[in-house]
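Here is a friendly walk through one model, from its sheets to its aromatic rings. Keep the viewer open and follow along.

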Amino acid sequence: VVTDDGSIVTSTITVSNFTGTIADLEVEVNLTHTWIDDMVIQLKSPSGTTITLFNRRGGNGDNLVGTIFDDEASTAISSGSAPFAGRFRPESALSAFDGQNPNGVWTLILQDMYAFDAEGTLTGWNLRINNPEASTTTDAGGNFVFSGLTAGTYRIGTFADGWRQTTATQVRSLTSGQNVTGVTLGAAQYGKAIRTADPTMPGKQ
């Protein structure tokens with residue numbers, strides 16, 4: 001419950017087993033509250049970075065319903081209206097979290113800045129985290145190695161300008177300390193015969 005006496009209320013989400021760093025972050029908040037412009041909402045990362053998502057917007061309108069804070073949204077939260085359904089750019093850029101390790105405790109901080117009004121209820125919130133894809137370059141023999149991967153499931157494919165993948169993207173699950181070998185991928189230049197590292201998989205364009 002978000003009280004109307006100016007007290008700070010927090011809610012946490014713990015992220016674990018996420019591979020890599022943050023490349024893009026979105027936050028969805030659902031909040032029931034009359035006079036939504038009483039509210040200030042902030043987000044704090046496990047690293048301690050804090051940004052403001054929402055700062056007293058919406059006039060005498062009510063609630064946040066499916067409100068997604070997204071740096072790439074076309075509309076700023078300051079230009080929206082209650083119940084702010086859809087995507088909005090937050091007060092402060094979420095890119096402040098880019099490059100950070102997302103694992104750990106994330107804290108949503110809520111404060112009703114106007115006393116003696118109705119209380120509110122945070123009905124739910126979530127994080128949507130994207131990270132950059134790991135990449136590597138093959139050697140002259142077409143061999144490749146990824147190192148430093150954590151446990152998880154990975155999709156492996158070939159991507160290069162002027163080339164097309166000729167075999168299915170491979171999916172491999174990796175446990176802690178495990179080495180996975182024998183992943184074979186094929187690629188061909190556009191307009192050229194198929195090249196493959198596996199002699200049992202010849203092909204023609």
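## Sheets, rings and confidence

Let us begin inside a sheet, where Val-27 stands opposite Phe-69 in S5. The strands involved are S2 (residues 24–32) and S5 (residues 64–69), which pair in the antiparallel sense over four bridges. Before going further, please keep in mind that this is a predicted model.

Strand S2 has a second partner as well: nine bridges join S2 to S8, and these two strands run antiparallel. On that side, Val-29 stands opposite Trp-125 in S8. Put together, four strands form an open sheet in the order S6-S5-S2-S8, with mixed pairing. Strand S6 (86–88) and strand S8 (121–130) stand at the edges with a single partner strand each, so one side of each has no neighbour in the sheet. From one strand to the next, the twist averages 25°.

How enclosed is S2 by the rest of the structure? Eight of the nine residues of S2 are buried, so this strand is largely enclosed. When you look at side chains along any strand, a general point helps: in a regular strand they alternate between the two faces of the sheet.

A further open sheet of four strands has the order S1-S7-S3-S4, and its pairing is antiparallel. Its edge strands are S1 (8–15) and S4, each of which pairs on one side only. Neighbouring strands here are turned by 20° against each other on average, direction ignored. Within this sheet, strand S3 (residues 39–44) and strand S7 (residues 104–112) pair in the antiparallel sense over six bridges. One of the matched positions is Val-40, whose bridge partner in S7 is Gln-111.

Now for the aromatic rings. The count comes to three aromatic pairs, and two of them are set out here.

| Pair | Centre to centre | Angle between planes | Geometry |
|---|---|---|---|
| Phe-54 and Phe-84 | 5.4 Å | 90° | edge-to-face |
| Phe-97 and Trp-106 | 5.2 Å | 75° | edge-to-face |

Why do the rings of Phe-97 and Trp-106 count as edge-to-face? Their planes stand at 75°, and the label applies to planes over 60 degrees apart. Phe-97 has 0% relative accessibility, so this residue counts as buried. Trp-106 likewise counts as buried, because its relative accessibility is 0%.

Where in the chain do Phe-54 and Phe-84 sit? Phe-54 belongs to strand S4, while Phe-84 lies in the loop between S5 and S6; the two are 30 residues apart, and the pair links distant parts of the chain. Both Phe-54 and Phe-84 are buried. With Phe-88, these two residues form one aromatic cluster.

Finally, a look at confidence. The protein averages a pLDDT of 83, and 82% of the residues score at least 70. Among the elements of the protein, strand S4 (residues 50–55) has the highest mean pLDDT, at 98. Strand S13 (residues 195–196) has the lowest, at 40. Over residues 192–205 the pLDDT is below 50, although this stretch has 21 contacts in the model beyond near neighbours in sequence. Where pLDDT is low, the predicted coordinates should not be read in detail.

Note on methods. Residues are numbered from 1 along each chain as its sequence is written. This is a predicted model: local features need pLDDT of at least 70, side-chain atom pairs count only at pLDDT 80 or more; totals for chains, interfaces and linings use all residues. Side-chain values use heavy atoms; hydrogens and water are left out. Two strands pair if DSSP finds at least two bridges between them. Axes are lines fitted to C-alpha atoms, for helices over the stretch in contact, and angles run from 0 to 180 degrees between N-to-C directions. pLDDT is the predictor's confidence in each residue, from 0 to 100. Contact means heavy atoms within 4.5 Å. Rings of Phe, Tyr and Trp (its six-membered ring) pair if their centres lie within 6.5 Å; planes under 30 degrees apart count as stacked, over 60 as edge-to-face and the rest as tilted. Buried means under 20% relative accessible area, exposed over 50%, partly exposed in between (1.4 Å probe, protein chains only).
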